[in-house]
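Reader: I am new to this structure and would be grateful for a close look at a single part of it. Please take one sheet and its surroundings, and explain how the pieces are placed.

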Amino acid sequence: MEVTWWGHATVAIRERGVTILTDPVLRNRLAHLHRRRGPRPVLAHPPDAVVVSHLHSDHCDLPSLRMLPRATRLIVPRGAAAFLRARLGERDFTELRAGEETSVGAVTVRAVPAAHDGGRTPKSRIRAVALGYVVGGERSAWFGGDTGLFDEMKEIGPVDLALVPVWGWGWTLGPGHLDPAGAAEAMRLVGPAKAVPIHWGTLWPVGCRRVRPDRFVRPGDEFAAHTRTASPATDVRVLAPGESLTLW
(Lines give C-alpha, C1' and ligand atoms only; values in the text may rest on other atoms or scores of the structure.)
Protein backbone atom coordinates (compact mmCIF):
# COMPACT_ATOMS: atom_id res chain seq x y z
CA MET A 1 0.00 0.00 0.00
CA GLU A 2 1.21 3.48 -0.90
CA VAL A 3 -0.44 6.65 0.38
CA THR A 4 0.24 10.19 -0.77
CA TRP A 5 -1.05 13.06 1.35
CA TRP A 6 -1.93 16.00 -0.88
CA GLY A 7 -2.91 18.27 1.98
CA HIS A 8 -5.98 18.81 4.16
CA ALA A 9 -8.10 15.61 3.89
CA THR A 10 -7.02 14.63 0.37
CA VAL A 11 -5.08 11.36 0.28
CA ALA A 12 -4.43 9.00 -2.62
CA ILE A 13 -4.41 5.39 -1.40
CA ARG A 14 -2.90 2.89 -3.84
CA GLU A 15 -3.48 -0.78 -3.00
CA ARG A 16 -3.50 -3.88 -5.22
CA GLY A 17 -3.46 -1.71 -8.33
CA VAL A 18 -6.51 0.29 -7.19
CA THR A 19 -6.42 4.00 -6.34
CA ILE A 20 -8.88 5.43 -3.83
CA LEU A 21 -8.90 9.22 -3.44
CA THR A 22 -10.27 10.75 -0.26
CA ASP A 23 -12.19 14.05 0.05
CA PRO A 24 -10.51 15.65 -2.97
CA VAL A 25 -9.57 19.33 -2.95
CA LEU A 26 -7.70 19.63 -6.24
CA ARG A 27 -7.46 23.42 -6.52
CA ASN A 28 -5.58 26.15 -4.70
CA ARG A 29 -8.50 28.34 -3.60
CA LEU A 30 -11.72 27.28 -1.88
CA ALA A 31 -14.01 30.20 -0.96
CA HIS A 32 -12.11 32.14 1.73
CA LEU A 33 -9.40 29.48 2.06
CA HIS A 34 -6.21 29.20 0.06
CA ARG A 35 -3.49 26.58 -0.18
CA ARG A 36 -0.47 27.89 1.72
CA ARG A 37 1.73 24.80 1.58
CA GLY A 38 2.37 22.02 -0.86
CA PRO A 39 1.68 21.62 -4.57
CA ARG A 40 -1.70 21.42 -6.20
CA PRO A 41 -2.43 17.67 -6.40
CA VAL A 42 -1.14 15.87 -9.49
CA LEU A 43 -2.41 12.31 -9.46
CA ALA A 44 -0.08 9.62 -10.77
CA HIS A 45 -3.05 7.31 -11.32
CA PRO A 46 -6.62 8.35 -12.15
CA PRO A 47 -8.68 7.34 -9.12
CA ASP A 48 -10.80 4.24 -9.48
CA ALA A 49 -13.05 5.63 -6.76
CA VAL A 50 -13.43 8.65 -4.53
CA VAL A 51 -14.68 8.50 -0.96
CA VAL A 52 -16.46 11.55 0.44
CA SER A 53 -16.68 11.62 4.22
CA HIS A 54 -19.28 14.37 4.58
CA LEU A 55 -20.80 17.34 2.79
CA HIS A 56 -18.79 20.25 4.22
CA SER A 57 -17.25 22.16 1.30
CA ASP A 58 -13.64 21.49 2.34
CA HIS A 59 -14.36 17.75 2.09
CA CYS A 60 -16.99 17.71 -0.65
CA ASP A 61 -15.63 20.31 -3.09
CA LEU A 62 -17.86 20.33 -6.15
CA PRO A 63 -15.36 21.97 -8.57
CA SER A 64 -12.76 19.35 -7.62
CA LEU A 65 -15.22 16.51 -8.16
CA ARG A 66 -16.04 17.96 -11.59
CA MET A 67 -12.33 17.73 -12.50
CA LEU A 68 -12.42 13.95 -12.21
CA PRO A 69 -13.39 11.66 -15.09
CA ARG A 70 -17.14 11.14 -15.21
CA ALA A 71 -16.57 7.40 -14.90
CA THR A 72 -14.93 7.81 -11.48
CA ARG A 73 -17.02 6.04 -8.88
CA LEU A 74 -18.16 8.25 -5.98
CA ILE A 75 -18.65 6.50 -2.63
CA VAL A 76 -20.66 8.79 -0.37
CA PRO A 77 -22.72 8.74 2.84
CA ARG A 78 -26.29 7.50 2.53
CA GLY A 79 -28.46 10.43 1.48
CA ALA A 80 -25.70 12.45 -0.23
CA ALA A 81 -26.12 11.17 -3.80
CA ALA A 82 -29.25 13.21 -4.58
CA PHE A 83 -27.49 16.46 -3.62
CA LEU A 84 -24.42 15.54 -5.68
CA ARG A 85 -26.36 14.24 -8.68
CA ALA A 86 -28.25 17.53 -8.94
CA ARG A 87 -24.94 19.43 -9.15
CA LEU A 88 -22.64 16.99 -10.94
CA GLY A 89 -25.04 15.18 -13.22
CA GLU A 90 -25.38 11.45 -13.48
CA ARG A 91 -22.37 9.65 -12.04
CA ASP A 92 -21.57 6.22 -10.65
CA PHE A 93 -22.70 6.72 -7.04
CA THR A 94 -22.50 4.22 -4.19
CA GLU A 95 -24.15 5.27 -0.92
CA LEU A 96 -23.08 3.60 2.33
CA ARG A 97 -24.12 3.63 5.95
CA ALA A 98 -21.70 2.90 8.79
CA GLY A 99 -21.05 -0.83 8.80
CA GLU A 100 -21.72 -1.30 5.08
CA GLU A 101 -18.99 -1.99 2.54
CA THR A 102 -18.40 -2.18 -1.16
CA SER A 103 -15.68 -3.55 -3.44
CA VAL A 104 -13.54 -1.52 -5.83
CA GLY A 105 -11.55 -3.97 -7.87
CA ALA A 106 -9.41 -5.99 -5.45
CA VAL A 107 -9.99 -3.76 -2.42
CA THR A 108 -12.89 -3.24 -0.05
CA VAL A 109 -14.17 0.07 1.25
CA ARG A 110 -16.01 -0.15 4.57
CA ALA A 111 -17.89 2.81 6.02
CA VAL A 112 -17.32 3.46 9.73
CA PRO A 113 -18.82 6.06 12.09
CA ALA A 114 -17.53 9.58 12.59
CA ALA A 115 -18.55 12.16 15.21
CA HIS A 116 -19.05 15.25 13.06
CA ASP A 117 -21.91 17.41 11.80
CA GLY A 118 -23.27 16.09 8.52
CA GLY A 119 -24.93 19.23 7.14
CA ARG A 120 -23.67 21.04 4.05
CA THR A 121 -23.56 24.21 6.16
CA PRO A 122 -24.50 24.75 9.84
CA LYS A 123 -28.12 25.71 9.03
CA SER A 124 -28.54 23.72 5.83
CA ARG A 125 -31.38 21.27 5.29
CA ILE A 126 -29.01 19.28 3.08
CA ARG A 127 -27.65 16.60 5.36
CA ALA A 128 -26.03 13.16 5.29
CA VAL A 129 -24.40 11.42 8.24
CA ALA A 130 -20.63 11.93 8.35
CA LEU A 131 -18.50 8.80 7.88
CA GLY A 132 -14.96 7.52 7.94
CA TYR A 133 -13.77 4.67 5.73
CA VAL A 134 -11.48 1.65 6.03
CA VAL A 135 -9.78 0.73 2.75
CA GLY A 136 -8.62 -2.86 2.86
CA GLY A 137 -6.55 -5.21 0.71
CA GLU A 138 -3.26 -6.80 1.76
CA ARG A 139 -2.96 -3.75 4.03
CA SER A 140 -5.68 -1.64 5.60
CA ALA A 141 -6.02 2.10 6.15
CA TRP A 142 -8.57 4.01 8.20
CA PHE A 143 -9.40 7.42 6.77
CA GLY A 144 -11.02 9.43 9.57
CA GLY A 145 -12.42 12.23 7.39
CA ASP A 146 -13.24 14.75 10.10
CA THR A 147 -14.32 13.56 13.53
CA GLY A 148 -14.26 14.01 17.25
CA LEU A 149 -13.63 11.17 19.69
CA PHE A 150 -16.27 8.49 20.16
CA ASP A 151 -16.26 5.20 22.08
CA GLU A 152 -16.84 3.05 18.98
CA MET A 153 -13.42 4.01 17.65
CA LYS A 154 -12.03 0.94 19.37
CA GLU A 155 -14.15 -1.19 17.01
CA ILE A 156 -12.50 0.29 13.88
CA GLY A 157 -9.16 -1.46 14.36
CA PRO A 158 -6.97 -3.29 13.93
CA VAL A 159 -5.64 -1.42 10.90
CA ASP A 160 -2.18 -1.01 9.46
CA LEU A 161 -2.47 2.75 8.97
CA ALA A 162 -4.53 5.60 10.36
CA LEU A 163 -5.03 8.77 8.32
CA VAL A 164 -6.15 10.86 11.25
CA PRO A 165 -7.31 14.50 11.36
CA VAL A 166 -5.31 16.49 13.91
CA TRP A 167 -6.51 20.08 13.37
CA GLY A 168 -8.40 22.13 10.77
CA TRP A 169 -8.12 25.15 8.49
CA GLY A 170 -8.08 27.91 11.12
CA TRP A 171 -6.70 28.86 14.51
CA THR A 172 -9.64 27.47 16.53
CA LEU A 173 -11.60 24.23 16.47
CA GLY A 174 -15.30 23.69 17.02
CA PRO A 175 -17.00 20.50 18.22
CA GLY A 176 -16.58 17.36 16.16
CA HIS A 177 -12.85 17.81 15.55
CA LEU A 178 -9.65 16.30 16.89
CA ASP A 179 -6.74 18.37 18.15
CA PRO A 180 -3.29 16.75 18.47
CA ALA A 181 -3.99 15.34 21.96
CA GLY A 182 -7.43 14.06 20.95
CA ALA A 183 -6.01 12.48 17.81
CA ALA A 184 -3.40 10.70 19.94
CA GLU A 185 -6.19 9.35 22.15
CA ALA A 186 -7.87 8.10 18.97
CA MET A 187 -4.68 6.16 18.22
CA ARG A 188 -4.93 4.52 21.66
CA LEU A 189 -8.49 3.41 20.81
CA VAL A 190 -7.90 2.31 17.21
CA GLY A 191 -4.39 0.92 17.69
CA PRO A 192 -2.91 1.33 14.19
CA ALA A 193 0.61 0.19 13.40
CA LYS A 194 1.34 3.50 11.67
CA ALA A 195 -0.33 6.89 11.53
CA VAL A 196 -0.17 9.93 9.26
CA PRO A 197 -1.64 13.20 10.54
CA ILE A 198 -3.92 14.92 8.03
CA HIS A 199 -6.33 17.89 7.99
CA TRP A 200 -3.74 20.44 9.05
CA GLY A 201 -1.09 22.77 7.64
CA THR A 202 -2.54 23.24 4.16
CA LEU A 203 -5.57 25.55 3.90
CA TRP A 204 -5.79 28.87 5.73
CA PRO A 205 -8.10 31.88 5.46
CA VAL A 206 -6.98 34.54 3.02
CA GLY A 207 -5.26 37.45 4.74
CA CYS A 208 -4.77 35.59 8.04
CA ARG A 209 -1.21 34.34 7.55
CA ARG A 210 -0.05 35.93 10.82
CA VAL A 211 -3.01 34.85 12.96
CA ARG A 212 -1.92 32.01 15.30
CA PRO A 213 0.66 30.68 12.81
CA ASP A 214 1.57 27.98 15.35
CA ARG A 215 -1.75 26.29 14.57
CA PHE A 216 -0.70 26.03 10.96
CA VAL A 217 2.79 24.58 11.48
CA ARG A 218 2.79 22.61 14.75
CA PRO A 219 -0.16 20.17 14.91
CA GLY A 220 1.61 17.33 13.09
CA ASP A 221 4.62 17.28 15.39
CA GLU A 222 2.41 17.82 18.45
CA PHE A 223 0.34 14.80 17.45
CA ALA A 224 3.48 12.70 17.10
CA ALA A 225 4.65 13.75 20.57
CA HIS A 226 1.29 13.00 22.20
CA THR A 227 1.06 9.64 20.42
CA ARG A 228 4.41 8.51 21.83
CA THR A 229 2.71 8.58 25.23
CA ALA A 230 -0.88 7.60 24.39
CA SER A 231 -0.12 4.82 21.88
CA PRO A 232 3.61 4.04 21.91
CA ALA A 233 3.24 1.10 19.53
CA THR A 234 1.98 3.44 16.78
CA ASP A 235 4.68 4.72 14.45
CA VAL A 236 3.78 8.29 13.41
CA ARG A 237 5.01 9.59 10.07
CA VAL A 238 4.54 13.34 9.63
CA LEU A 239 4.37 13.97 5.88
CA ALA A 240 4.50 17.24 3.98
CA PRO A 241 1.80 17.75 1.34
CA GLY A 242 2.79 15.78 -1.73
CA GLU A 243 4.90 13.23 0.19
CA SER A 244 4.19 9.51 0.17
CA LEU A 245 4.50 6.56 2.55
CA THR A 246 4.75 2.92 1.46
CA LEU A 247 3.61 0.06 3.70
CA TRP A 248 5.24 -3.28 2.90
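Author: The following account begins with one sheet and then turns to charged pairs and to a second group of strands.

The model is predicted. Its open sheet holds 7 strands in the order S8-S7-S6-S3-S2-S1-S17, and the pairing is mixed. Strand S8 (92-96) and strand S17 (244-246) are the edge strands, each of them pairing on one side only. From one strand to the next, the twist averages 20 degrees.

The S8 edge deserves particular attention. Strand S7, residues 73-77, runs parallel to S8 and is joined to S8 by 5 bridges. Within this pairing, Val76 stands opposite Glu95 of S8. Helix H2, residues 81-88, packs on the sheet and touches both S7 and S8. The direction of H2 makes about 160 degrees with that of S8.

Glu95 has a second role in this account, as a member of a charged pair. Side chains of opposite charge can pair when their charged atoms come close. Glu95 forms a salt bridge with Arg78, and their closest N and O atoms are 3.9 Å apart. This salt bridge links distant parts of the chain, for Glu95 lies in strand S8 while Arg78 lies in the loop between S7 and H2, 17 residues apart. Glu95 has a relative accessible area of 23% and is therefore partly exposed. Arg78 likewise counts as partly exposed, because its relative accessibility is 35%.

Another salt bridge brings together the side chains of Glu90 and Arg85, at 3.2 Å from N to O. Here Glu90 counts as exposed, because its relative accessibility is 53%. Arg85, with a relative accessible area of 33%, is partly exposed.

Further along the chain, Asp117 forms a salt bridge with Arg127, with 2.6 Å between the closest N and O atoms. Both residues lie in the loop between strand S10 (107-113) and strand S11 (131-136), 10 residues apart. Asp117 is partly exposed, at a relative accessible area of 34%, and Arg127 counts as partly exposed at 42%. Elsewhere, salt bridges that share partners join Arg212, Asp214, Arg215 and Glu222 into one network. The count for the model comes to 12 salt bridges.

The count of disulfides, by contrast, comes to 0. As for individual cysteines, Cys60 has a relative accessible area of 0% and is therefore buried. Cys208 also counts as buried, because its relative accessibility of 17% is under the 20% limit.

A second group of strands is arranged around strand S14, residues 194-198. Of the 5 residues of S14, 4 are buried, so this strand is largely enclosed by the rest of the structure. Strand S13, residues 161-165, runs parallel to S14 and is joined to S14 by 5 bridges. One bridge partnership in this pairing is that of Ala162 with Ala195 in S14. Together with helix H3 (residues 180-190), S13 and S14 make a right-handed β-α-β unit. S14 is also joined by 2 bridges to strand S16, residues 235-236, and these two strands run parallel. Ala195 appears again in this pairing, its bridge partner in S16 being Val236. Ala195 is thus a bridge partner of Ala162 and of Val236.

Key
Residues numbered from 1 in each chain as written. Predicted model: local features only at pLDDT ≥ 70, side-chain atom pairs only at ≥ 80, totals over all residues. Heavy atoms only, no water. Pairing = 2+ DSSP bridges. Axes fitted to C-alpha atoms, helices over the stretch in contact; angles between N-to-C directions. Contact = heavy atoms within 4.5 Å. Disulfide = S-S within 2.5 Å. Buried < 20%, exposed > 50% of the residue type's maximum accessible area, 1.4 Å probe, protein only. Salt bridge = Lys/Arg side-chain N within 4 Å of Asp/Glu carboxyl O. Right-handed = clockwise from strand over helix to strand, strands pointing away.
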